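Here are a few exercises to work through with the model open beside you. Try each one before reading the solution that follows.

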Amino acid sequence: MDGTVKVPPRGAATTGPEGTARVGSNRGAPRAATLGHLPPGRMLLDEYQVEETLHPHETERPGIFRCTGPEGEVVVKVAATQGPPDLALWRQLPSLQHVSVLRTHEVVERDGLFYEVQEFCAGGTMADLPVPMAQRPQWIEQKFVPSMNAGLRYLHERGIIHRDIKPANIYIRLSPSGRQAVIGDFDISSVLQGDQTSRSTDRADATWRYSAPETLPMYQVRSGRATATVSRTADYYSLGLTIIELLLGTTGLPGDQVELFRFYTTGQTVALPKGPERLVVLLSGLLILDRELRWGGDEVDRWYRNANTPEDLQRIEQGRRRGFGAAAQDAVRFGSDEAYDLVGLAEAMSRNPDAAKRDLMRGRLFGWIYQLDNNLGRKIEDDCERLRNDPDAALFRTILHCDPARPFALPNGTQAATPIEWVRRAAQGGQSPLATADAPLARFADWLELKATPETGLAAKIREIGKTDARTRFEEAAYAIDSRLPYPATYPLERALAQGKPQGPRTPEEIVLGIMGSPADWASGASAVA
C-alpha cells in the first residue's frame, strides 16, 4: 500500500513514503482533506469496498463506512481530521480480543488519515434498540450487566479507561445464541501507565450527561487546581447512567457541563428507578458520587452472583452521606457531622448553629464553598460582610444558598414548603410566635427570596410588613400571601373595612363578633381555601 503504514510491533519506529506520518507521533502529519460522503463501490485502503456511508467523514466527526473486504462485512472508521487518535491506545486496538469488546481487525495510517477496520454489528447500538427491548430488566440483569462488566474489567486490566460509555457506544452483536452487548468507540479513551489508578486529563471531550462527576473539567483536586480526573470507576458510573437510560428512556440529567457540575455540587443525585430491587442496589453502588467509594468490577461481579458483602452495602450508605466532594477536598466538620457538598453543609450548619456561625463569620468556610461554586461563594461572602452584626441572619441565608429546596422551619417546631403552609403552621397552637417578633418575618422574607422558586415580590412585601404594628403583622403577612383568607377576630375592624377584602366576613358585625375565633381556628379555616 503506497503511502500507508500499518501499525508495527510496539516500540518500533516506522517511516513511510511522503504523506505518511511517523507512527507514535501526530506531529508533522500533513493536514488531510476530508473524505465526505462516499458512494457505493468506492474502495478504501485498496481492499475494502464501500457499501454504505453510515456517517460522512468530517473535520470534527469521524467517517463511518460499511464495507466488504477480506474479513467479510466490516466497518471502516476514519478519524476526524481535527481529532487524530491517541496513538498509544490506537496501536493497541487490534490486540484487544475479548468477547465483550468490539473487534478491530487492523489500524492503518495513510496520507495523514487514521483508519480502523472493525467488525460490523448488524444489531446496531443500544441507542437504536426499540423501547420494549431496552426496558426489559431481566435482559439487563442477566445479559447486559455481566457482558459490560467482563468487557470493562478486560480493558481496565490493560490500563484502558474508556471514558465514553453510553448507549450509542455499546454495539449489539447478533449470533445464533442471541444478542450480545459489546463495547466500542475508543476515540477519547485514556491509558493509565504502570500501577496508576487514576490520572489527570486536559481533554475536554465527552458526552457530559453520562460522565462521572470527577471527569468534568471544573472538578478540583485538594490543591484547588481544576482538573478532570479519570479512573476505572468513572466507567462504572457511566455504566450506571446507561442502565438508567435503558430502563427509563432518559437519565434526566442536563447535557451542559456547567449545569451538570452545579447539579452535583448542590448535592442533587440521579433519580433511580423504583425497581426491580436488585437493579436498584446495583445502581446505588455504581452511582456513588465519590469515586473512592464507588463500586467497580469486583463489586459488580459479587452483585451478579448474589454475593455482595456487608462492606459493599456499607459503601453505598457512606456514599449517600459523603456526596460528591469527598474525593475532591476534605470534609467540613461540625461536631460529629461531616459535609462533603453544599446540601450536606446546609444540614450540618443547621444542626450545629453556634459552631457554624463562628466559622462562617470568621471566613473559615469561604475557601471550601468557593471550590464547589465560585458564584455562590461570592454571594455568601457578600451576605456575611453585609450582615456582620447579625450572624443569625448570615447563617440562615447561607443555609438557604447551599440548599434552596430546604423548607422553612418555624419557631414552633413545624416546617413549611410553601407560603400558604407557612400561614397554617405559624398559627398552630394559638397566638402565633411571629406576632410580636421581628426576626421570624425577616427570615421568612429571606426564605421567599432564596428558595428554589424565588418569590421576590412577596418577599419585599413581607419585609415591609415586618416594620408595622407587632400586634397585626402576622395577619397582614397572611393576607399578603392570600387575600381570600377569612378575617380573624384579632384583625382591627377599621383596617379590615379600609382594605375591603373580597372574601371573608361580609359585614362589620360579623367581624366584631369574631366569627373565626383564635388564630388557630382561623388557620384551620384558611386551609379550606388554600
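A residue counts as buried under 20% relative accessible area, as exposed over 50% and as partly exposed in between, with a 1.4 Å probe and protein chains only. This is a predicted model, in which local features need pLDDT of at least 70 and side-chain atom pairs count only at pLDDT 80 or more, while totals for chains, interfaces and linings use all residues. Residues are numbered from 1 along each chain as its sequence is written, and side-chain values use heavy atoms, with hydrogens and water left out.

**Exercise 1. Take stock of the protein chain.**

Step 1: count the secondary structure, where helices (H or I, at least four residues) and strands (E, at least two) are DSSP runs numbered from the N terminus. The protein chain has 20 helices and 17 strands.

Step 2: look at burial. Of its 530 residues, 50% count as buried.

Step 3: look at contacts, meaning heavy atoms within 4.5 Å. Among contacts between residues at least 6 apart in sequence, 58% join residues at least 24 apart.

**Exercise 2. Describe the aromatic pairs that F408 forms with F396 and F444.**

Step 1: recall the approach. A pair of aromatic rings is described by the distance of the centres and the angle of the planes. Rings of Phe, Tyr and Trp (its six-membered ring) pair if their centres lie within 6.5 Å; planes under 30 degrees apart are stacked, over 60 edge-to-face, and the rest tilted.

Step 2: search the whole structure, which gives 9 aromatic pairs. In one of them, the ring centres of F396 and F408 are 6.1 Å apart and the planes stand at 75°, so this pair is edge-to-face. Because F396 belongs to helix 13 (residues 391-402) and F408 to strand 16 (residues 408-409), the pair ties together parts 12 residues apart in sequence.

Step 3: turn to the partner F444. Its pair with F408 is edge-to-face, with 5.4 Å from centre to centre and 75° between the planes. F408 lies in strand 16 and F444 in helix 15 (residues 438-450), so here the parts tied together are 36 residues apart in sequence.

Step 4: check burial. Both F408 and F444 are buried, and the relative accessible area of F408 is 3%.

Step 5: widen the view. F396, F408, W422, F444 and W447 make up one aromatic cluster.

**Exercise 3. How do helix 3 and helix 6 cross?**

Step 1: fit the axes, which are lines through C-alpha atoms over the stretch in contact, with angles from 0 to 180 degrees between N-to-C directions. Helix 3 (residues 137-157) and helix 6 (residues 277-286) have axes that come within 10 Å and cross at roughly 50°.

Step 2: name the arrangement. Under 35 degrees is roughly parallel, over 145 roughly antiparallel, 65 to 115 roughly perpendicular, and the rest oblique. Helix 3 and helix 6 are therefore oblique to each other.

Step 3: list the residues that meet. P137, I140, E141 and V145 of helix 3 meet R278, L279 and L282 of helix 6.

**Exercise 4. Examine the backbone at P276, L45 and D46.**

Step 1: begin with the peptide bond between G275 and P276, which is cis, with omega about 0°. P276 is in the loop between helix 5 (257-265) and helix 6.

Step 2: move to L45, a residue other than glycine whose phi is positive, near 55°. L45 sits in the loop between strand 2 (43-44) and strand 3 (48-55) and is buried, with a relative accessible area of 3%.

Step 3: finish with D46, also not a glycine, with a positive phi of about 70°. D46 is in the loop between strand 2 and strand 3 and is exposed, with a relative accessible area of 54%.
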